[in-house]
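Okay, thanks for having me. I'll walk through a few pieces of this one, and please look along as I talk.

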Amino acid sequence: MTDNARIPDKPALEGLEAKWGGVWEADGTYRFDRDGATRESIFSIDTPPPTASGSLHIGHVFSYTHTDLMARYQRMRGRHVFYPMGWDDNGLPTERRVQNYYGVRCDPSLPYEPDFVPPLEGAEGKSVRAADQAPISRRNFIELCEKLTVEDEQHFEALWRSLGLSVDWTQTYRTIADEAIFTSQLAFIRNVERGEAYQALAPTLWDVTFRTAVAQAELEDREQPGHYHRVTFHRHDGGTVEIETSRPELIPACVALVAHPDDERYQPLFGTTVTTPVFGVEVPVVAHHLAQKDKGTGIAMICTFGDVTDVVWWRELDLPNRAIIGFDGRIIAEAPEAIISESGRAAFAELAGKTAYSAKQAVVEQLRASGDLLGDPKPITHPVKFFEKGDRPLEIVSTRQWYIVNGARDEALKANLLERGREIDWHPEFMRVRYDNWVGGLSGDWLVSRQRFFGVPIPVWYRLDGDGNPQFDEPIVATRDLLPIDPSSAPAPGYDESQRGAPGGFIGEHDVMDTWATSSLTPQLAGGWERDPELFDLVFPYALRPQGQDIIRTWLFSTTLRAQLEHGVAPWANAAISGFIVDPDRKKMSKSKGNVVTPAGLLEQHGSDAVRYWAASSRLGTDAAFDPQNPTQVKIGRRLAIKVLNAAKFILGFEGRSDAPVTVPVDRSMLAGLADVVASASRAYEGYDHARALEVTETFFWTFCDDYLELVKERAYGEPSPEQASAVAALRTALGVLLRLFAPVIPFATEEAWRWSHDESVHVAAWPTLDELDARGEAGVELLELTSLALTGVRRAKTDAKASQKTPVASAVIAAPAAAIALLRSAESDLRAVGRIAGLGFTEADEFGVRDIMLEAP
């Protein structure tokens, strides 16, 4: 029953987040209860763990709201919702933030300082030059990473709570916590045992700024200015071969010239050799189908390594490795052995220690001096590969790295991964092609080792022979009972710390895992794989993976891969893919573009329900424009939430019961219309179309308030009677249904209004069903539509007469078809009351003419 003391005089949205957030936490409203739960009764969500480095932006609010809508709907449907939250706190973004925040950089050669105090505290938003960063030990650096991420995560959690995410905050994890390290290392060990993880010395895409290897999924092409240089190579018969290159600094690393096998211009040269300009190295002329006859001169030099095509040619043609670029992006000091002439070695000595850019300028001058540069360099713009978080072009260097198979070289695994993609229901469906294209386009196995500091250590050591050389082909892999472990500080099994680095002893692996190698295990991390078998069996495979479209190639694919390798199944039944947030110019919002909007001020100014409404208005997979200067949809959402409060207060002010018989046709017609809304909204949510569910509910709600509520309020205010009881029962029934329909979208306003007449939360109430609306089918929705049209006509007629809507009318005549008249007569008393009409008549119209109303002034 309604307790009028609970209803404020002036309902308001302000303060509802704090009021109800505290109640939900104290009551455990969103707590996952596994007692009595079965696989069938659980709806488990593999929630994206946001990167805990910096600040959340409006795109996070957008996509995480979409997830919360489904979580709330499923909970009201009676499902046990497993809705955890993780924090992705290891990896490069965290390291970069710590470097700038504290003004430090990691130097693993330095000893640990127990009482270390960083030189800065909170250099937020600034980039501290590397030269100005204080070098500290790895352990000191990791401690600062731990400290800052914990602080960031507290801020993030506060914002998520303010937004109203119905997360179970007892189910959280960190990707750098001991449990996460255990899970990541155990999965890696099993990959090694099954032959799915391996180590290899190979050309590796390398970021010279961060001094780390970069995986294929982390690449992006950026258009960069450059030049084509036409250069001559020398034939033994005295002739020349002309090539065009954008990287003349790699001529000392040249190992061959290549042309297409069908190119008649160069077929006579295949099997012969030519000599490189300036450096005088003899290299073969070879054929390969990847050479492009219409690019440049049609013949190209193969260098180790200028781009990924060079790597393919080098591998498939079995060419030597003459790499000249070091890990720092500079030309190495020692010339390749193939350069044997004094002039060639002298020319190379001029390049040693230079950056690739400076070396390019030096080689161009050398080519000019030798006469091997033809004409002036030709300006071009071409795509260059960058690390997605980097500022300098990637180089390719030869390094020893760890890989996990991903189907690039295993057709059976690729077929399995494509099949897993078909087993997942994609929302929207067209997003699956991005997954298929990525799997089909993979060119190499997944490089998972990183030369960083704050990450999950690779649990491996290497024996040292009698001369102190590591035996990389016989790694010592940690056993399960040792996990979690850091080989850089813990001795290898069977050794003690005194043997570290000594001949006949061991060394520990210093590399850490790529952050995606941990994030790809979020179902296992959150579900307690190998730590809580009962929980994992209940939640895995998960019901839902929600995420952004830009990380299908990384997070979604890598998670599917790890689930296939470890479990042989798809990790979820559904994948819900959110679109991007774009600015008013339809440009994607991103930190790099400087057009990101942070949500804290928006939530404070407009309220969380308003912001959630804006997010819920957009369908999955659809980009949403957002103008922070004029957030129209947010304002509409706030207006809706306020109207819900006011309508609830108004309805609950009528005396009566919600379980009284609903006997008046117009009341039954309204409930029949509401039943259609319940059916439509339920279908929409089941199809992951939250925007459609909101649309049909909101459309009905405004008609309900503007027309039906106005139509019956005089009867509801009247003396007790079956007709009065029918109106109040219909109003209260509709209010209860509408509050539950709106609850996923505007949880604070609906909770406030619901609690005026209920002791339990609306968010654990049952989702409305058709059985509750027993008037369905007994009175069609046409009557409510007709009365709405009639009301509109009365209002318009008064407006045309320049009269107040409160002006009484002596009589009115409504023209309508005969069938409509019969329905309208059942609502005649309500129409008289709301229209202040003394006499009401009806006349037949040849065509539908409900709006044709004639009024007679008093």
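Let's start with a term: two strands count as paired if DSSP finds at least two bridges between them. The strands and helices themselves are DSSP runs, E of at least two residues for strands and H or I of at least four for helices, numbered from the N terminus. Housekeeping next: this is a predicted model, where local features need pLDDT of at least 70, side-chain atom pairs count only at pLDDT 80 or more, and totals for chains, interfaces and linings use all residues. Residues are numbered from 1 along each chain as its sequence is written, and side-chain values use heavy atoms, with hydrogens and water left out.

So, sheets. There's an open sheet of three strands, in the order β17-β25-β24, and the pairing is parallel. At the edges sit β17 (425–427) and β24 (542–548), each pairing on one side only. On average, neighbouring strands of this sheet are turned by 20 degrees against each other, direction ignored; the axes there are lines fitted to C-alpha atoms, for helices over the stretch in contact, with angles running from 0 to 180 degrees between N-to-C directions. β24 and β25 (residues 572–578) are joined in the parallel sense over six bridges, and you can find proline 546 standing opposite alanine 576 in β25.

Elsewhere there's an antiparallel pair: strand β11 (residues 254–259) and β14, over five bridges. Here valine 258 stands opposite alanine 300 in β14. How many of the five residues of β14 are buried? Four of them, so this strand (residues 299–303) is largely enclosed by the rest of the structure. Buried means under 20% relative accessible area, exposed means over 50%, and partly exposed is in between, with a 1.4 Å probe and protein chains only.

On to empty space. Everything runs on a 1 Å grid over the protein atoms alone: a cavity is a set of points where a 1.4 Å probe fits but cannot get out, a pocket is an open set with protein on both sides within 12 Å along at least five of seven lines, and lining residues have an atom within 4 Å of a point. Grid points are joined across faces, edges and corners, and a volume is the space filled by probe spheres set on the points.

The second largest pocket holds about 1600 Å³ of space. It has 50 lining residues, and the closest to its centre are Ser246, Arg247, Gly306, His382 and Val384. Which element gives the most to that lining? That's β9, with seven residues. Several elements supply at least two residues each, among them β9 (219–235), β14, α8 (356–370) and β15 (373–387). So β14 turns up again, as one of the contributors to this pocket. By class, the lining has 23 nonpolar, 16 polar and 11 charged residues. For the classes, Ala, Val, Leu, Ile, Met, Phe, Trp, Tyr, Cys and Pro are nonpolar, Asp, Glu, Lys and Arg are charged, and the others, Gly among them, are polar.

Now the closed ones: there are three cavities of 30 Å³ or more. The largest has about 90 Å³ of space. Of its 13 lining residues, the closest to the centre are His66, Thr67, Met70, Ala576 and Leu620. That's the alanine we met opposite proline 546. The elements giving two or more residues are α2 (58–76), β24 and β25, with α2 giving the largest share, five residues. The lining divides into eight nonpolar, five polar and no charged residues.

The second largest cavity comes in at about 40 Å³. Its lining includes Leu13, Glu17, His606, Asp609 and Phe748. Two or more residues come from each of α1 (16–27) and α16 (608–616), and α16 has the largest share with three. Here the classes are four nonpolar, three polar and two charged.

Last, two helices. α18 (residues 665–686) has 22 residues and reaches 32 Å from first C-alpha to last, close to the 32 Å expected at 1.5 Å a residue. That expected span is 1.5 Å times one less than the number of residues. Is α18 mostly buried or exposed? 17 of its 22 residues are buried, so α18 is largely enclosed by the rest of the structure. Just after α18, tyrosine 688 takes a positive phi of about 60 degrees. Then α4 (residues 138–163), with 26 residues, reaches 37 Å, close to the 38 Å expected. Just after α4, glycine 164 has a positive phi of about 90 degrees.
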